[in-house]
Amino acid sequence: GGGNGGNGNGCMAEGAATSAPLMNLLKASTDAQLEQSLREFVRIRTVSSNPALREECLRGARFVSQLLEGLGAQVKVVCPLEDKNPVVLGRLGAGGDKPTVTLYGHYDVQPANEPDWATDPFELNAVNEYLYGRGTSDNKGPILAFIYAVKELLAGLSLQGGQGGCAAAAGA
């Protein structure tokens with residue numbers, strides 16, 4: 001890298017080393033927000049195989065939509081098949097000359113055989129530094145991971161005065 005603390009390509013402003021504590025504070029805040037979002041998302045019983053939980057699946061789609069809208073994305077919720085759960089499409093940036101990145105995940109979960117769970121499957125629980133809850137690793141957690149990663153990238157771009165584009169999709 002260059003002698004000014006940058007990486008040699010001009011991405012870090014002179015004196016940026018003084019912003020490291022601020023960046024650590026922002027990261028801690030983002031981590032707390034991510035965990036709170038996961039807690040809220042796990043509570044939504046998006047079991048797509050149970051018609052009685054159709055409204056919960058719609059809540060899950062709205063939850064993802066709101067997060068994407070919070071990034072500034074243009075969001076569409078579409079139902080490609082009748083009586084099936086909606087797909088959430090989000091587009092961030094409109095540069096046709098820029099590469100497109102597509103992120104995909106499903107927000108529905110399998111039914112939980114609740115007697116087999118040591119904790120309530122629809123509540124996020126920390127046990128021995130691991131998080132447990134329906135959808136935590138398949139696939140609500142990963143959806144939130146890429147949404148929050150994009151959020152951090154956008155925050156970094158805004159600090160640098162840049163802009164980019166991205167597309168995201170989540171389906172049941």
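Where is N128 found? In this predicted model, N128 is found in the loop between β4 and β5, and the same loop holds E129.

**The β4–β5 loop and its surroundings**

Both loop residues have backbone angles that deserve attention. Phi of N128 is near 50 degrees, which is a positive value in a residue other than glycine, and phi of E129, likewise positive in a residue other than glycine, is near 70 degrees. Most residues other than glycine have a negative phi. With a relative accessibility of 68%, N128 counts as exposed, because exposed residues are those over 50%, and E129, at 83% relative accessibility, counts as exposed too.

Beside these residues in the sequence there is a nonpolar surface patch, made by V127, Y130 and Y132 and covering about 300 Å². Of the patch residues, Y132 is found in strand β5, which comprises residues 130–132, and Y132 is partly exposed, its relative accessible area being 39%.

**Salt bridges**

Five salt bridges are held by the structure, among them the three in the table.

| Acidic residue | Basic residue | Closest N and O atoms |
|---|---|---|
| E123 | R43 | 3.0 Å |
| E114 | R45 | 3.5 Å |
| E56 | R59 | 2.8 Å |

The salt bridge of E123 with R43 links distant parts of the chain, since E123 lies in the loop between β3 (102–106) and β4 (125–127) while R43 belongs to helix α1 (residues 20–43), the two being 80 residues apart. Both partners are partly exposed: E123 has a relative accessibility of 28%, and R43 has a relative accessible area of 37%.

The salt bridge of E114 with R45 also links distant parts of the chain, with E114 in the loop between β3 and β4, R45 in the loop between α1 and α2 (54–70), and 69 residues separating them. Here E114 is partly exposed, at a relative accessible area of 37%, and R45 is partly exposed as well, at 29%.

The salt bridge of E56 with R59 is set within a helix, for both residues lie in α2, three residues apart, which is about one turn of the helix. What is the burial state of E56, and on what value does it rest? E56 counts as buried because its relative accessibility is 17% and the cut-off for buried is under 20%, whereas R59, at 36% relative accessibility, counts as partly exposed.

**An aromatic pair between helices α1 and α2**

The structure holds one aromatic pair. The rings of F41 and F63 have centres 4.8 Å apart and planes at 25 degrees, and the pair is therefore stacked, as planes under 30 degrees apart count as such. This pair, too, links distant parts of the chain, with F41 in helix α1 and F63 in helix α2, 22 residues apart. Both aromatic residues are buried, F41 at 0% relative accessibility and F63 with a relative accessible area of 10%.

A charged residue also meets this pair, as K140 lies over the face of F41, at 5.0 Å from the ring centre. The residue N139 has its place in the loop between β5 and α3 (140–160), and the peptide bond leading from D138 to N139 is cis, with omega near 10 degrees. Most peptide bonds are trans.

**Strands β1 and β2**

Strand β1 (residues 74–78) runs antiparallel to β2, and five bridges join the two. Within this pairing, V78 stands opposite V87 in β2.

Which residues of strand β2 point to the buried face? Along β2 (residues 87–92) the side chains alternate, so that V88, G90 and L92 point to one face and are buried, while V87, L89 and R91 point to the other face and are not buried. In a regular strand the side chains alternate between the two faces of the sheet. V87, the residue opposite V78, thus belongs to the face of β2 whose residues are not buried.

Technical notes: Residues numbered from 1 in each chain as written. Heavy atoms only, no water. Patch = residues over 30% accessible without salt bridge, like charges linked within 9 Å, V, L, I, M, F, W, Y side chains within 5 Å. Areas by Shrake-Rupley, 256 points an atom, 1.4 Å probe, with all protein chains shown as cover. Salt bridge = Lys/Arg side-chain N within 4 Å of Asp/Glu carboxyl O. Helix = DSSP H or I, 4+ residues; strand = E, 2+ residues; numbered from the N terminus. Buried < 20%, exposed > 50% of the residue type's maximum accessible area, 1.4 Å probe, protein only. Phe/Tyr/Trp six-rings, centres within 6.5 Å; stacked < 30°, edge-to-face > 60°. Lys NZ or Arg CZ within 6 Å of the ring centre and 35° of its normal. Pairing = 2+ DSSP bridges.
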